[in-house]
Amino acid sequence: MRRSAGERAREVDVALSRQVARVMDDAVTVPGTRIGIGLDAVIGLVPGIGDLVGSALSSVIVRDAVRARVPMVVLARMGLNLLLDAVLGLVPGVGDLLDVAHRANRKNLRLLLREVEREPLREPPSPAYVAGAVALMVVPLLAGVAATVLGIWLLWRWIT
């Protein structure tokens, strides 16, 4: 069945979200295990700045969720996953191990795919939806900025 132009415009291509989730959470497998390590854990080793970059890259999945107009409660859960990811990254030493265990990007991709499969076409978003979605995308990025500032401050205190 052929779809109208309006329906095609409302569909969301999640290929980039799939790639981001794989690269950020499961780029390579630890030899002899089934544990995947991604770019998120590696860049998280850079105090503060790594968390900011990780949050920015992870927001691609949330952006696709907004474009797919998933329910606000799902967007909130995705934002919470990213916020928890940023907070876990603040824990010195073990933060990156906790980050590998948490896998926020994989969780967010699953949430997105489930909603797209459940109801791929939705009504146009209301102004309240757009405002809420923007807030949910900005909060994890602000948490990343806060983590950056805190990481640099802690590093400075440790050095001096």
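Where is the place of Leu57? A few notes may help as you look around this predicted model.

1. Let's begin with that residue. Leu57 sits in helix H4. Its relative accessible area is 35%, so Leu57 counts as partly exposed, a class that lies between the 20% limit for buried and the 50% limit for exposed.

2. Leu57 also belongs to a nonpolar patch on the surface, about 700 Å² in area. The other members are Val23, Leu39, Val42, Leu45, Val46, Ile49, Val53 and Ile152. Two elements, helix H3 (39–43) and helix H4 (49–67), each give two or more residues to this patch. The top contributor is H4, with three residues.

3. Next, have a look at Arg69, in the loop that runs between H4 and helix H5 (72–88). Arg69 is not a glycine, yet its phi is positive, at about 55 degrees. That is worth a glance because most residues other than glycine have a negative phi. With a relative accessible area of 16%, Arg69 is buried, as the limit for that class is under 20%.

4. A second arginine deserves a visit. Arg103 is placed in the loop between helix H6 (95–102) and helix H7 (104–118). Here too a residue other than glycine has a positive phi, near 50 degrees. The relative accessibility of Arg103 is 11%, so this residue counts as buried.

Key. Residues are numbered from 1 along each chain as its sequence is written. This is a predicted model: local features need pLDDT of at least 70, side-chain atom pairs count only at pLDDT 80 or more; totals for chains, interfaces and linings use all residues. Side-chain values use heavy atoms; hydrogens and water are left out. Patches are made of residues with over 30% relative accessible area and no salt bridge: like charges are joined within 9 Å, nonpolar side chains (Val, Leu, Ile, Met, Phe, Trp, Tyr) within 5 Å. Accessible areas come from the Shrake-Rupley method with a 1.4 Å probe; for residues, only the protein chains shown count as cover. A salt bridge is a side-chain nitrogen of Lys or Arg within 4 Å of a carboxyl oxygen of Asp or Glu. Helices (H or I, at least four residues) and strands (E, at least two) are DSSP runs, numbered from the N terminus. Buried means under 20% relative accessible area, exposed over 50%, partly exposed in between (1.4 Å probe, protein chains only).
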